[in-house]
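Visitor: I have this model open and want to go through it. Can you start with the ligand site?

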Amino acid sequence: MQELKLPKDFFFGAAMSGPQTEGAWRSGGKLENLWDTWSNEAIDDFHDCVGSYAGNDFTKRHDEDFKLLRSMGLDTMRTSIQWSRFLDENGDVNPEGEAYYHKLFSDAHDAGLEVFVNLYHFDMPTYLFRRGGWENREVVEAYANYAAKAFRAFGKEIRCWFTFNEPIVEPEQRYTAGIWYPFIKNYNRARAVQYNISIAHSLAVREYRVAKAAGLMMDDSRIGLINCFTPPYTKEDPSPADLEAVRMTDGVSNRWWLDIVTKGELPSDVVETLAERGCELPVRPGDDAILREGVVDWLGFNYYHPERVQAPAHDVDEAGCPVFADPYVWPDAVMNESRGWEIYPKGIYDFGMKLAADYPDLDWFVSENGIGIEGERAFKNSDGQIQDDYRIDFVRQHLAWVARAIQEGARCRGYHYWAVIDNWSWNNAFKNRYGFVEVDMQDGYARRPKKSASWLKQVASSHVIMTEEEN
Ligand code: BG6
């Protein structure tokens, strides 16, 4: 047994999002977002036909949930404001939406939790999607207006702000893989969306700095970006073409965001290669100056799995767009079969050390990490408690690598688990369960701590990880 220690001021918390927890989708003047629209149009696309409507009943149960989080030794939580709840179709504040979040934040604070607020979690309001969504610069401007209004409304309540969660995911899921509404498969359109989201991020940071200079934010407030960075790997004996696949995968998914948030620019090698291959970004005069304002105070690193790639079999896809990499299946990969994601705890260390080497001044925290398992009810003991030893192992291994990285100079400040209480996972709905706390759908969303909840409490209060592995 090896004992690894995390720093005393290392924080532990819960990551969640508005659209996956709140429910109450038709109350308080909330408008439709794309998840509501997809649920309305094709409910069969959702596991067990559970659409966006209910979340995990957080709106009704948030006081109970805050107590649960505190009982597990957690001190912080992150959620998102839903654009479609906070603003109306004219871009003005919806008073009921504003009151909803004031109450939520103040109840969390009363319970002893600090709330981190993210402004966007894949939840484009449908009326704005109908105007072109992220492909339309007017929607980018509308987002900047939304961010400015959120800073003004909640600037004196919230210290830690984030512009986006995983800005790479909508380009991927909605515009390249085409597996999320509106099911587009076009790499070049995806990059245009990615570019416009980058401008939106930078405009929001500008609004934040303006609000701070005007005394509207807390003195010690900070702003950041959260992304699901995927440490890139290839074959053990790679060809130059395999390494080129790594360069572009890493460039588009990781360096793109890291360069914006630390230098206020896009990685020039990536932009040049995209242009050479016919993928032109929708650049407008003045954009360089906007991007320069995208530098943030710290970063959130969501880590679920690495990205293993190799040289592509074809240079161009069916839509005539460039292909830079094919997936590489590592023969030694350990898989979470429920989600189809590789489990590779060392990736969190590799990427943390990369940040320390290439972006040495950047503070960060693990903003999401977790394991979603299908059919967890099969693991109930005679008292009805889910015995999720696999979750304990997963988190222990990842935290052990985080501790190692910190000992070797990584500037990691905390760890948020996704999702401490089971929640709605997009079109997978409640198929894969992530929580330390079960949400029993057959008993009106009742909450029941799993075996892992007491393990988490012990780690969060001691900051000590006991591990058998020789990392
Ligand atoms: C992250 C997202 O990518 O992964 C969450 O920020 C998401 O919104 C989580 O729920 C787990 O992925 P999934 O698809 O299994 O819910």
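Visitor: How many residues surround the ligand, and which are the closest?

Guide: There are 13 residues around the ligand, and the closest are Gln20, Glu166, Arg339, Ser425 and Tyr434. A residue counts as near if one of its heavy atoms lies within 4 Å of the ligand. This is a predicted model, where local features need pLDDT of at least 70 and side-chain atom pairs count only at pLDDT 80 or more, while totals for chains, interfaces and linings use all residues. Residues are numbered from 1 along each chain as its sequence is written, and side-chain values use heavy atoms, with hydrogens and water left out.

Visitor: How does that shell divide into nonpolar, polar and charged?

Guide: Six are nonpolar, four polar and three charged. Here Ala, Val, Leu, Ile, Met, Phe, Trp, Tyr, Cys and Pro count as nonpolar, Asp, Glu, Lys and Arg as charged, and the others, Gly among them, as polar.

Visitor: How far is the Gln20 side chain from a ligand oxygen?

Guide: An N or O atom in the Gln20 side chain is 2.8 Å from an oxygen atom of the ligand. Glu368 also has a polar side-chain atom 2.8 Å from a ligand oxygen, and for Trp426 the distance is 3.0 Å. A polar contact is a pair of N or O atoms within 3.5 Å.

Visitor: How much of the ligand does the protein bury?

Guide: The protein buries 93% of the 380 Å² that the ligand exposes when taken alone. Those areas come from the Shrake-Rupley method with a 1.4 Å probe.

Visitor: Switching to backbone. Where is Pro182, and what is the peptide bond before it?

Guide: Pro182 sits in the loop between helix H8 (169–175) and helix H9 (187–213). The bond from Tyr181 to Pro182 is cis, with omega near 10°. Helices (H or I, at least four residues) and strands (E, at least two) are DSSP runs, numbered from the N terminus.

Visitor: And the bond from Trp418 to Ala419?

Guide: That peptide bond is cis, with omega near -15°. Ala419 lies in the loop between strand E15 (412–417) and strand E16 (432–433).

Visitor: Last topic, helix packing. At what angle do H13 and H14 pack?

Guide: Helix H13 (residues 346–358) and helix H14 (residues 389–407) pack at about 25°, with their axes 8 Å apart. Axes are lines fitted to C-alpha atoms over the stretch in contact, and angles run from 0 to 180 degrees between N-to-C directions. H13 and H14 are therefore roughly parallel, a term for angles under 35 degrees.

Methods:
A polar contact is a pair of N or O atoms within 3.5 Å; within protein, one must be able to donate a hydrogen and the other to accept it, and residues adjacent in sequence count only if both atoms are side-chain atoms. Angles under 35 degrees count as roughly parallel, over 145 as roughly antiparallel, 65 to 115 as roughly perpendicular and the rest as oblique.
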